[in-house]
Amino acid sequence: MALYKFKPTTSGEHLFSYITTNLIGKKNINQVYELEALQIGGRQHQLSTYYIGILTANILTRCLKKANRIVSMFEDEREHQKLIIQYFQRSLEIPRTPYGADLDRLATLTLEAERKSRKGIISSIRSQFSTTKVNYCYICGFPVFEKPLETQVKMQLEHIWPQSFGGDSIAENLLPACPTCNNEKSDMLLWQNAHIHSFTLKPDPSPQELENVGKRLRIAQHRRDIFEYASMNRTTLKDAALAIGSVNISEISAIDRDDAVDFFNFSF
Ligand SMILES: [Zn+2]
């Protein structure tokens, strides 16, 4: 199984990999795959990746939030390391060596990802994407322009690994995107983080809501495809995104009621 074995490039990805491998542990991940409760309905693979992804993303988010608070409260860097380790032990209840997790290493990775989440795109990086030629949104494939004329769409740079999750503002983590996709994808980390739950659980969605969820669903599926490709081929997420290409969002028809409920299958 090649779950989340993509080649990490940003600080957030290194932290994510460390949490999956050393904190949750390969042994536990394999056990999740064998849980009988997750096999109901023949969706074992989707449901187990769902839970592992959510679990890792949850720990990642909590670590980064705490690191952010510590950094804003204390100036001394040695203090940061000490306090975040205390947090791992007291609040996250991570023992010093559960499955080979090194708390000093985890603290270093967390603080580094937190630091990078505060650094925006500098102009020398931005200019690497500026070209007189046309660029394309990596999500929907729509042409985007650095200096758009009246009817053209402005190019934005999208953090493939979201900046808020420790996604460095480096060329390896950026691709051109249109404002609509950039906004719709926002800080979606994994396909599991797509905010479609409230919708899927709603008993009587309107036609407009059904149409909107279609777009989010496709972005989530595109995201899942990128992670799967990168994990299978051991590439970076950017290389995977370039290899897969965009999805044609305008061609997506509205999802019907059954499909919407079916996607995560939690609303029987
Ligand atoms: Zn787009």
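Is Ser186 buried, exposed or partly exposed? Select Ser186 to start: with a relative accessibility of 41%, Ser186 counts as partly exposed, where buried means under 20% relative accessible area, exposed over 50%, and partly exposed in between (1.4 Å probe, protein chains only). You will find Ser186 in the loop between α6 (179-185) and α7 (197-200). Check its backbone while you are there: phi of Ser186 is near 50°, a positive value in a residue other than glycine.

**Before moving on**

This is a predicted model, in which local features need pLDDT of at least 70 and side-chain atom pairs count only at pLDDT 80 or more, while totals for chains, interfaces and linings use all residues. Residues are numbered from 1 along each chain as its sequence is written, and side-chain values use heavy atoms, with hydrogens and water left out.

**Zoom out**

Switch to a cartoon view. The protein has 10 helices and 4 strands; these are DSSP runs numbered from the N terminus, helices being H or I with at least four residues and strands E with at least two. Starting at the N terminus, the order is α-α-α-α-α-β-β-β-β-α-α-α-α-α.

Now show the surface. About 14400 Å² of the protein is accessible, and 50% of that belongs to carbon and sulfur atoms; the areas come from the Shrake-Rupley method with a 1.4 Å probe, and for residues only the protein chains shown count as cover. Of the 268 residues, 45% count as buried. As for contacts (heavy atoms within 4.5 Å), take those between residues at least 6 apart in sequence: 68% of them join residues at least 24 apart.

**Stop 1: Glu93**

Select Glu93, in the loop between α3 (77-90) and α4. Here is another positive phi in a residue other than glycine, near 55°. Glu93 counts as exposed, at 63% relative accessibility.

**Stop 2: salt bridges**

How many salt bridges does the structure hold? There are 7, each one a side-chain nitrogen of Lys or Arg within 4 Å of a carboxyl oxygen of Asp or Glu.

Begin with Asp76 and Arg78, whose side chains meet in a salt bridge at 3.4 Å, N to O. Asp76 is partly exposed, with a relative accessible area of 33%, and Arg78 is exposed at 68%.

Next, select Glu114 and Arg118. Their closest N and O atoms are 2.7 Å apart in a salt bridge. Glu114 counts as buried, at 2% relative accessibility, whereas Arg118 is partly exposed at 47%.

Then pick Asp168 and Lys116, which form a salt bridge of 3.4 Å, N to O. Asp168 sits in the loop between β3 (156-159) and β4 (174-177) and Lys116 in helix α4 (residues 103-116), so this pair ties together parts that are 52 residues apart in sequence. Both residues are buried. Add Glu112 and Arg115 to the selection: salt bridges that share partners join Glu112, Arg115, Lys116 and Asp168 into one network.

**Stop 3: Thr10**

Keep Asp168 on screen and select Thr10, in the segment before α1 (11-34). Thr10 is buried, with a relative accessible area of 0%. Which residues does Thr10 touch, not counting those up to four places away in sequence? They are Trp161, Gly166, Gly167, Asp168 and Asn173.

**Stop 4: Ser124**

Move to helix α5 (residues 123-129), where Ser124 is found. Ser124 is partly exposed, with a relative accessible area of 44%. For a distance to try in your viewer, pick the C-alpha atoms of Ser124 and Ala171: they are separated by 9.9 Å, with the two positions 47 residues apart along the chain counted as their spacing.

**Last stop: a cavity**

A search of the whole structure finds 2 cavities of 30 Å³ or more. A cavity here is a set of points, on a 1 Å grid over the protein atoms alone, where a 1.4 Å probe fits but cannot get out; lining residues have an atom within 4 Å of a point. Grid points are joined across faces, edges and corners, and a volume is the space filled by probe spheres set on the points.

To see the second largest cavity, with a volume of about 30 Å³, select its lining: Tyr138, Ile139, Lys185, Ile219, His222, Arg223 and Ile226. Helix α8 (residues 207-233) gives the most to this lining, with 4 residues. The lining divides into 4 nonpolar, 1 polar and 2 charged residues, where Ala, Val, Leu, Ile, Met, Phe, Trp, Tyr, Cys and Pro count as nonpolar, Asp, Glu, Lys and Arg as charged, and the others, Gly among them, as polar.

Definitions and conventions:
On a 1 Å grid over the protein atoms alone, a cavity is a set of points where a 1.4 Å probe fits but cannot get out, and a pocket is an open set with protein on both sides within 12 Å along at least five of seven lines; lining residues have an atom within 4 Å of a point.
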